[in-house]
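Subject: Structure handover

Hello,

Here is the structure I promised to pass on. Please open it first, then read the notes below it.

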Amino acid sequence: MSSMQVIRPSDADEAFDGVRPAVSGTALAEYEVLVRRQLELLGEEPDREGLVKTPSRVAKAMAWLTRGYEMNATEVIGDALFEEGADGMVMVRDIELYSMCEHHMLPFFGKAHIAYIPDGRVVGLSKLARVVEVFARRLQVQERMTEQIAQALADVLKPKGVGVVIECAHMCMAMRGVEKQNSKTITSALIGNFRSDAKTREEFLRLAHGPR
Ligand code: ZN
């Protein structure tokens, strides 16, 4: 065990119904000091009325937005695995996701489309969105997040194949004017017969990119 203090979601975090991590008051307090200093460095006055509570709010928000570090796919899926002989493609499209890029700590957000072909067991559909949360609620790069989601589903479900397509807008590009504001980054990860079987791959990509 490392003795390093890490900020953790606070008890006030009611929206978080997954693994309850230990709350570290010391780390949250330290983070508040950092945010206060950050405000000073930006030329702000941390003591003015509008900013007095900002360090505390930011510390809690950041803890919540990175809660995925304390979650894993196996725990999130839990006992929502069911024996099932169906072997057609199962797909959930347009799963909302919000993450933060590790290069700028700015948000990127969009949608995930996930499909798999069962091999004897299926998972509750809402759990696919929960697995997205596990990996989105961290500092990320979209490419790695896409692979991690696909690999986690492959590990837990042991399906015949998994496909994940993610399309996101990145605030580090849009807000800084690096690219056109409406540009989207699209990434995909294909495992098992989604990779090896052209027909399966085509079916998945057609459904993922098809008309809404
Ligand atoms: Zn970035």
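A salt bridge here is a side-chain nitrogen of Lys or Arg within 4 Å of a carboxyl oxygen of Asp or Glu. The side chains of Glu-40 and Arg-37 fit that description, with N to O at 3.0 Å. Please keep in mind that this is a predicted model.

**Salt bridges**

Let me stay with that pair. Glu-40 and Arg-37 both sit in helix H1, three residues apart, or about one turn of the helix. An α-helix has 3.6 residues a turn, so residues three or four places apart point the same way. Glu-40 is partly exposed, at 33% relative accessibility. Arg-37 is partly exposed too, at 44%.

How many salt bridges does a search of the whole structure find? The count is seven. One of them pairs Arg-36 with Asp-47, and their closest N and O atoms are 3.0 Å apart. Arg-36 belongs to helix H1 (residues 25-41), while Asp-47 is in the loop between H1 and helix H2 (54-65), so this pair ties together parts eleven residues apart in sequence. Arg-36 is partly exposed, with a relative accessible area of 31%. Asp-47 is exposed, at 56%.

Another salt bridge joins Glu-102 and Arg-144, with the closest N and O atoms 2.7 Å apart. Glu-102 lies in the loop between strand S2 (90-101) and strand S3 (107-117), and Arg-144 lies in helix H5, so the pair ties together parts that are 42 residues apart in sequence. Glu-102 is partly exposed, with a relative accessible area of 34%. Arg-144 is partly exposed as well, at 32%. There is also a network: salt bridges with shared partners join Arg-67, Glu-133 and Arg-137.

**The zinc site**

Which residues coordinate the zinc ion? They are Cys-101 through SG, His-104 through ND1 and Cys-172 through SG, at 2.2 to 2.3 Å. In sequence these donor residues are spaced C-x2-H-x67-C. Cys-101 is buried, with a relative accessible area of 4%. Cys-172 is buried too, at 8%. His-104 is partly exposed, at 34%. As for disulfides, the structure holds zero.

**The sheet**

Five strands form an open sheet with mixed pairing. Their order is S5-S2-S3-S6-S7. Strand S5 (139-140) and strand S7 (185-192) stand at the edges. Each has a single partner strand, so one side of each is left without a neighbour in the sheet.

Look next at strand S6 (residues 161-170). It runs antiparallel to S7, and eight bridges join the two. One place to check this is Gly-161, whose bridge partner in S7 is Gly-192.

**Helix H4**

Helix H4 (residues 126-136) is mostly covered. Eight of its eleven residues are buried. These are Lys-127, Leu-128, Val-131, Val-132, Glu-133, Val-134, Phe-135 and Ala-136. Glu-133 thus appears twice in these notes, since it is on that buried list and also belongs to the salt-bridge network with Arg-67 and Arg-137. What covers the buried residues of H4 includes helix H3 (73-77), S2, S3, strand S4 (121-123), S5 and H5.

**Gln-142**

One more residue deserves a look. Gln-142 lies in helix H5 (residues 142-157). Is Gln-142 buried or exposed? Gln-142 is buried, with a relative accessible area of 1%, where the cut-off for buried is under 20%. A polar atom of its side chain lies 3.0 Å from the backbone oxygen of Ile-166.

What is Gln-142 in contact with, leaving aside its neighbours within four places in sequence? The contacts are Phe-108, Ile-166, Glu-167, Cys-168, His-170, Thr-185, Ile-186 and Thr-187. Ile-166 is thus both on the contact list and the residue whose backbone oxygen lies 3.0 Å from the Gln-142 side chain.

**Where to start**

I would view the zinc ion with Cys-101, His-104 and Cys-172. Then turn to the sheet in its order S5-S2-S3-S6-S7. Finish at Gln-142 in helix H5.

Best wishes

Note on methods
Residues are numbered from 1 along each chain as its sequence is written. This is a predicted model: local features need pLDDT of at least 70, side-chain atom pairs count only at pLDDT 80 or more; totals for chains, interfaces and linings use all residues. Side-chain values use heavy atoms; hydrogens and water are left out. Helices (H or I, at least four residues) and strands (E, at least two) are DSSP runs, numbered from the N terminus. Buried means under 20% relative accessible area, exposed over 50%, partly exposed in between (1.4 Å probe, protein chains only). A polar contact is a pair of N or O atoms within 3.5 Å; within protein, one must be able to donate a hydrogen and the other to accept it, and residues adjacent in sequence count only if both atoms are side-chain atoms. Contact means heavy atoms within 4.5 Å. Donors are N, O and S atoms within 2.8 Å of the metal (3.2 Å for Na, K and Ca); water is not among the atoms, so sites may look incomplete. A disulfide is a pair of cysteine sulfur atoms within 2.5 Å. Two strands pair if DSSP finds at least two bridges between them.
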